[in-house]
Amino acid sequence: MCWQRYSAHLLRQLEFHVRTKRTSPITQLTGVRTITHGSLCKMTEQVKYLDTPDKSETDKKLYKTLLLGNGLHALIVSDPSPMPHDGFTTSESSSDKSCECESTSSSVTSSSDSSSSSSDSGSSVESGSEEGDEKLAACALLIDYGSFAEPTKYQGLAHFLEHMIFMGSEKYPEENIFDAHIKKCGGFSNANTDCEETLFYFEVAEKHLDSSLDYFTALMKEPLMKQEAMQRERSAVDSEFQQILQDDETRRDQLLASLATKGFPHGTFAWGNMKSLKENVDDAELHKILHEIRKEHYGANRMYVCLQARLPIDELESLVVRHFSDVPHNEVKAPDLSSFNYRNAFQPEFHEQVFFVKPVENECKLELTWVLPNVRQYYRSKPDQFLSYLLGYEGRGSLCAYLRRRLWALHLIAGIEENGFDMNSMYALFNVCIYLTDEGFKNLDEVLAATFAYVKLFSNCGSMKEVYEEQQRIEETGFRFQAQRPAFDNVQELVLNSKYFPPKDILTGKELYYEYNEEHLKELISHLNEMKFNLMVTSRNKYDGVTAYDQTEEWFGTEYATIPMPEKWRKLWEDSKPLPELFLPEPNKFVTEDFTLFWHSMGKPEVPDAPKKLLKTDTCELWFRQDDKFDLPEAHMAFYFISPLQRQSAKNDAMCTLYEELVKFHVCEELYPAISAGLSYTFNAIEKGLLLKVSGYNEKLHLIVEAIAEGMLHVAETLDENMLAAFRKNQRKNFFNTLIKPKALNRDVRLCVLEQIRWLMIDKYKCLNDITLEDLRGFARQFPKELYIQSLIQGNYTEESAHNVLNSVLSRLDCKAIKERRYVEDRTIKLPLGTNIIRCHALNEQDTNTVITNFYQIGPNTVRVESILDLMMMFVDEPLFDQLRTKEQLGYHVGATVRINYGIAGYSIMVNSQETKTTANYVETRIEVFRAKMLKILRHLPEDEYEHTRDSLIKLKLVADMALSTEMGRNWDEIINEDFLFDRRRRQIEILRTLQKDEIIDFLLGIDAENMRKLSVQVIGHRPPGVPEPLCGSEIVRDGEDIGKDANKPDDESGSEKDDHEDEEESSEEEDDEDLFAALENKLNVVFLPGAPNQSTIMDINEFKKSLDVYPKQKSQQDEDLLLTARIEDALGQA
């Protein structure tokens, strides 16, 4: 659900010029540069003051817009936060400078009252009563020139020019001197080139703002751009191109660019590379062109600047005037793109042909793209954003819901992406993207018919003013309570707004729905009702009639095929009547020697749906299923090496992680050719051992398994002190990077409380430095000796081959049976009745994020309990998000999740808030208030809505496995959790079909009345010094009033989490912040905090768990079924 086309690439704006950020102590203080009163007054006489931007009532910043005498537009932002007194900037000097500027204001032509701005500035600075924090100033400069205006002979030249600008100036001739200065002053600089503009921006300590502007503007006034620097910068441009070469979204944009009508500017290759900038290019001529383009297009009359700092607004104005007034200008205007008619922007084949694209990633999607007029002209009514909202809506009656009910699609996004290629002064590309299931791909005609019908609905449904006004209110509320952005981010957005919106609307232009305009809305709807859209199918499976991807895009090498728009699809557009069509999947093409499909060669025997247990001993079990569905010569294997060592101590747990990394290191060179040949493996430490997963073409998969087994056996002999030191340091950093994330810490604490044996990550972190070489060698030698191996082999394999693979592991490791079973039994703590709270601070003292997870333990899981919880989540999911996220604005991430811990069921509600906006205690209270309403939501739900939601869940559980890996994953979960319910979904569906609303209500009433076992885990963020505790609850609006801006619902904390350990297999994302790491690594500690006197608070997890019962080990449903069968047979025998 989206207002605009939100995706992973929403903010991607051709990020060309990447510089490495470095935070370092300031070693040199640069004094403030001053100018004489006379010269400043002369400059300000040429300044014209424009309208002051409208702002939110909660926005305390001051704004001023200027037009300098050389044509440069400036937006000044003064943050009223008090500055710390450091002896360099004083209120006296600021006041003096303000008076200087004000004395000349009477002779300035103005379209607004500039004197009020000055007086506000003075009072706001003096009224600040809070002690200020250190903040960075920021500046962004936009130049009205981009890749659309570059010569066709030199594609990528605009990007290349942006690089060359940094290569020194006449005043400061050393290459990259500006960047060096910024880094020295603890700042960061960057730039990017888009289709119609180039953006330069930097942040720096406020005391160095003046000198940094001097270095920066020197580059804009007289850059050197020497010919000898060109080769280096061409290499940099090419390197950036290589980094995005395999990005499917970028490849799609370039494919569309290749369809531009000849002579239209968007047909360029904007990135540039060695081919476009060096092959058949004369360097002397290119150097000359660079300087000519710079002089012609980098004039002050084509520039917009935004400057933000905590300096008084008049002092900021003096800096802008002093540094930017003498930037050269000319009379050259930006290219007038209005002469290019959007209706002719693309060649006829854009909409006459269907494009079938072979992706880099394994995805299947259907895209429809319309060419609309420039939508920025409609910014006051925003019909494009409103239509994005309607087409991207996922509720009842939407296209997405229609497709989901049929299991043809599970996700849909719609709108105009915010980059220069999709939205510019010529046209806007309105895109509907449907991510198809395999069934959706097979039923593409029906998917298109539904899409066509939904698009046409908007022209036949009458006025949509009421729906529009609801969205308008949501947007207004969102703008009212909009979070403040760091200056570095703020100036980048505002400088772009300065170009495209009138001064008064710079802050509101992108945010507000000013007015409902029926005419504008009908105009865009009429465009969507024309069958002049591009239709693109991206899939590795070839569409019927497409025998090969026989065309290649020039710059990215994208393989694709085209066919004329089928007549049946034209008829579907006209009458919306679907024509069914099926597509069979084809095997992926990987290099291999033997493509034999064993199921085929064996005569296609009937294969049971569930895996078959081939072997079970005191050291191993082997499950197997031959593939009869996907017809691919591939297999998946999983081996869980369960050991009693890991749970014996935190030190052992830490050593297991080191052991895993060392084994991978030991075999990496040997197995890299296998990866190149299309095989893959993962090897990770999880809760009680090591998990190996291998997949790919089946012929040589066993070699990976054997190599890992050899590595496990022999890695101890390869260890030395240097290896230990290196891997120990790396693992400390990995633990650290996970621990400083509040969400990860919250999860770690929750699972440590709930599981009978589990070590906190902080304890493992502390143990790492105590691990000696002999400790690790001993662990590595002992680990393979005593194991239980769970294994599943599934795919294009035979039973005999599966036995051989496991035997090859057993013969190498020669492991014995585990003696102390208590270390490998998965048991869950039975929480006491009532509420227990465990609280700690986030470990990063600069992090304000607070994560609250309230977990409600139900008890032993059954298919019925699990089904009830699944259905309950579907009912409360949207109300939860609407209340806690949208209305109460408690946090961006809000979600409810079913959790199964070692056969014990429960559910949790999570909110990620900020300690500067609310408190942990308040958030926890609001969660409970909502939870109390869950029964009310169910009671008042109409019966037809209940049945609709229940049927939707049933259909979701009927989704067929789309790949062998999906089927393998489901079966593997059943094995490692020892449930063995391989038909779990069928059993759930049987229960759901007859499950009544009253049964759910009775279930919840019983839990609350007799078995309320709650654990609240609270990781509390930090408020910066001087920031008071927020006043909570003042913004809550009840009785249906909206107080917050609706937004896309995050997926990561919603739905059903069947295996609470599945994400342990994923490596944590690494935060490479060396200074933060060095500052915190040695003092990192988790201290649990006391609660209120009337609260039951956990201060020591081990002490808390000592007195508690443990749930008995649950019998699997398979065991229960066997027992029931035996009883029936006994009864029949006695009869």
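**Exercise 1. Strand β23**

Task: In this predicted model, decide how enclosed strand β23 (residues 893-901) is, and find its pairing with strand β24.

Solution:
- Start with burial. Eight of the nine residues of β23 are buried, so the rest of the structure largely encloses this strand.
- Next, the partner. β23 pairs with β24 (residues 904-914) in the antiparallel sense, over nine bridges.
- Pick one bridge. Isoleucine 900 has alanine 905 of β24 as its bridge partner.
- Finish at the turn. Two residues lie between the strands of this hairpin, and tyrosine 902 takes a positive phi near 50°.

**Exercise 2. Helix α18**

Task: For helix α18 (residues 487-500), compare its reach with the expected span, then work out what its buried residues pack against.

Solution:
- Take the length. α18 has 14 residues and reaches 20 Å from its first C-alpha to its last. That is close to the 20 Å expected at 1.5 Å a residue.
- Count the burial. Eleven of the 14 residues are buried, so α18 is largely enclosed by the rest of the structure.
- Name some of them. The buried set includes Phe488, Val491, Leu494, Val495 and Tyr500, and also Asn490, Gln492 and Lys499.
- Find the neighbours. The buried residues of α18 pack against β2 (62-67), β3 (73-78), β4 (136-143), β5 (188-193), β6 (198-205) and β7 (303-309).

**Exercise 3. The nonpolar cores**

Task: Locate the largest nonpolar core with respect to the domains.

Solution:
- Recall the background. Nonpolar side chains tend to be buried together in soluble globular proteins.
- Size the core. The largest has 87 residues, and Phe639, Phe641, Phe783 and Ile789 have the most contacts inside it.
- Ask which element gives the most. Helix α22 (residues 650-676) does, with ten residues.
- Place the core. Domain 2 (598-823) and domain 3 (834-1025 + 1096-1106) both give residues to it, so the core lies between them.
- Inspect one member. Leaving aside residues up to four places away in sequence, phenylalanine 639 touches residues including Leu690, Val705, Ile789, Leu806 and Trp972.
- Note the other core. Apart from the largest core lies one of 62 residues, among them Tyr145, Leu213, Leu277 and Ala309.

**Exercise 4. The cysteines**

Task: Count the disulfides, with sulfur atoms within 2.5 Å as the cut-off, and check cysteine 306.

Solution:
- Apply the cut-off. The count comes to zero disulfides.
- Test cysteine 306. The nearest cysteine sulfur is that of cysteine 139, 7.8 Å away, and cysteine 306 is in no disulfide.
- Classify by accessibility, where buried means under 20%. Cysteine 306 is at 0% relative accessibility, so it counts as buried. Cysteine 767 has a relative accessible area of 17%, so it too is buried.

Notes. Residues numbered from 1 in each chain as written. Predicted model: local features only at pLDDT ≥ 70, side-chain atom pairs only at ≥ 80, totals over all residues. Heavy atoms only, no water. Disulfide = S-S within 2.5 Å. Buried < 20%, exposed > 50% of the residue type's maximum accessible area, 1.4 Å probe, protein only. Helix = DSSP H or I, 4+ residues; strand = E, 2+ residues; numbered from the N terminus. Pairing = 2+ DSSP bridges. Core = buried A, V, L, I, M, F, W, Y, C linked by side-chain atoms within 4.5 Å. Domains from an automatic or database assignment. Contact = heavy atoms within 4.5 Å. Expected span 1.5 Å × (residues − 1).
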